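Visitor: I would like a close look at one single part of this protein, explained with care for someone in the first year of study.

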Amino acid sequence: MADNAVMQARGQNVLTSEEYKFFNAVVEDGGFKETETLPKTTQERVFKDLVEEHPLLRALGLQNLGAVTEFIYSNPEGAAVWGPLFGDIQGQLNANFRKETISQLKLTAFIPLANDMLKLGPNWVERYVRTMIKEAMKVGLERGFVAGTGQNQPIGLLKDVDKGTGAVSDKKSSGTLTFKRGETMIDELTGVAENLAVHTVNGEEKVRKVENKLGMIVNPKNSFRVKGNATIQNANGVYVTNYPLNFKDYEAIFVPEGKVLFFL
């Protein structure tokens with residue numbers, strides 16, 4: 001315990017008793033057993049690092065829900081109804097809830113572990129495994145959420161789903177943007193925001209609030225050009241990057257070059 005306190009004060013990786021027992025067994029057994037799963041606290045650390053270190057995953061609302069198989073959705077529209085002060089209660093909240101069953105998918109990664117690594121001890125092995133899993137999962141999650149085909153993986157933001165057949169296809173481009181400095185960029189992104197503010201529900205167009213929820217994803221190669229056009233030098237000589245209407249920008253290698261993907 002004293003050693004752990006010193007290590008923690010130095011900012012080193014310190015394990016819980018359960019984690020130490022698990023990874024010490026890995027060292028003694030010469031590797032992982034197929035039936036073993038990582039301690040829950042290690043899994044939670046991986047998830048926490050994923051969300052904190054990768055802005056796109058955080059923006060997409062990634063949440064650790066365990067083995068959830070059902071979601072309950074609510075539609076607040078029509079839930080509250082005006083009427084006379086002493087009249088009957090008009091709204092029926094239960095009519096605005098729906099329950100949907102979700103299918104489960106599994107994202108797996110193979111972590112190579114050399115025998116010489118085991119000699120470095122359980123603390124080192126835990127940090128190595130956690131780092132490898134985090135980076136592998138980041139790439140896998142981005143691939144699924146951005147470009148997933150729906151075949152044993154999520155349906156990505158780049159895809160459209162035919163409501164009749166369920167077929168998944170690439171989304172068609174909505175137009176061309178230049179991202180030129182000044183008024184041109186303002187006008188272009190204003191048009192994008194207006195399009196995102198309108199959505200179709202059961203064949204009927206409805207308007208929704210999108211302010212401070214606007215995001216765009218570009219390929220890393222294109223991001224420098226886009227950011228450069230949105231960068232100015234302020235009075236203090238500092239270069240700052242700001243997009244009109246508070247658009248947030250993200251990078252993903254799975255967005256094709258020359259394309260920009262907008263989302264809420």
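Visitor: Which residues line the second largest pocket?

Guide: Before the pocket itself, a word on what is shown: this is a predicted model, in which local features need pLDDT of at least 70 and side-chain atom pairs count only at pLDDT 80 or more, while totals for chains, interfaces and linings use all residues. Residues are numbered from 1 along each chain as its sequence is written, and side-chain values use heavy atoms, with hydrogens and water left out.

The second largest pocket is lined by His54, Pro55, Leu56, Lys138, Val139, Glu142, Pro220, Asp249, Tyr250, Glu251, Ala252 and Ile253. A pocket here is found on a 1 Å grid over the protein atoms alone, as an open set of points with protein on both sides within 12 Å along at least five of seven lines, and a lining residue has an atom within 4 Å of a point. The space in this second largest pocket comes to about 200 Å³, where a volume is the space filled by probe spheres set on the grid points, which are joined across faces, edges and corners.

Sorted by class, the lining has seven nonpolar, one polar and four charged residues; Ala, Val, Leu, Ile, Met, Phe, Trp, Tyr, Cys and Pro count as nonpolar, Asp, Glu, Lys and Arg as charged, and the others, Gly among them, as polar. At least two lining residues come from each of α4 (55–59), α6 and β10, where helices (H or I, at least four residues) and strands (E, at least two) are DSSP runs, numbered from the N terminus.

Two of these elements can be followed further, beginning with helix α6, which covers residues 122–147 and holds Arg130. Arg130 is buried, with a relative accessible area of 8%; buried means under 20% relative accessible area, exposed over 50%, and partly exposed in between, with a 1.4 Å probe and protein chains only. Leaving aside residues up to four places away in sequence, Arg130 touches Asn13, Thr42, Arg45, Val46 and Asp49, a contact being heavy atoms within 4.5 Å.

The whole structure has six aromatic pairs, where rings of Phe, Tyr and Trp (its six-membered ring) pair if their centres lie within 6.5 Å, and planes under 30 degrees apart count as stacked, over 60 as edge-to-face and the rest as tilted. In one of them, the rings of Trp124 and Tyr128 are stacked, because their centres are 5.3 Å apart and their planes lie at 10°. Trp124 and Tyr128 are four residues apart in helix α6, so about one helical turn separates them. Trp124 counts as partly exposed, at 27% relative accessibility, whereas Tyr128 is buried, with a relative accessible area of 16%.

Another aromatic pair, Phe247 with Phe262, is edge-to-face, with 5.7 Å from centre to centre and 80° between the planes. This pair links distant parts of the chain, since Phe247 sits in the loop between β9 (239–241) and β10 (248–251), while Phe262, 15 residues apart from it, belongs to strand β11 (residues 260–263). Both Phe247 and Phe262 are buried.

To place the pocket in its setting, the protein chain has eight helices and 11 strands. Its radius of gyration is 24 Å, well over the 18 Å that the globule rule gives for 264 residues, so the chain is more spread out than a compact globule; this radius is taken over C-alpha atoms, and the rule is 2.2 Å times the number of residues to the power 0.38. Buried residues make up 26% of the 264 residues in the protein chain.

Conventions. On a 1 Å grid over the protein atoms alone, a cavity is a set of points where a 1.4 Å probe fits but cannot get out, and a pocket is an open set with protein on both sides within 12 Å along at least five of seven lines; lining residues have an atom within 4 Å of a point.
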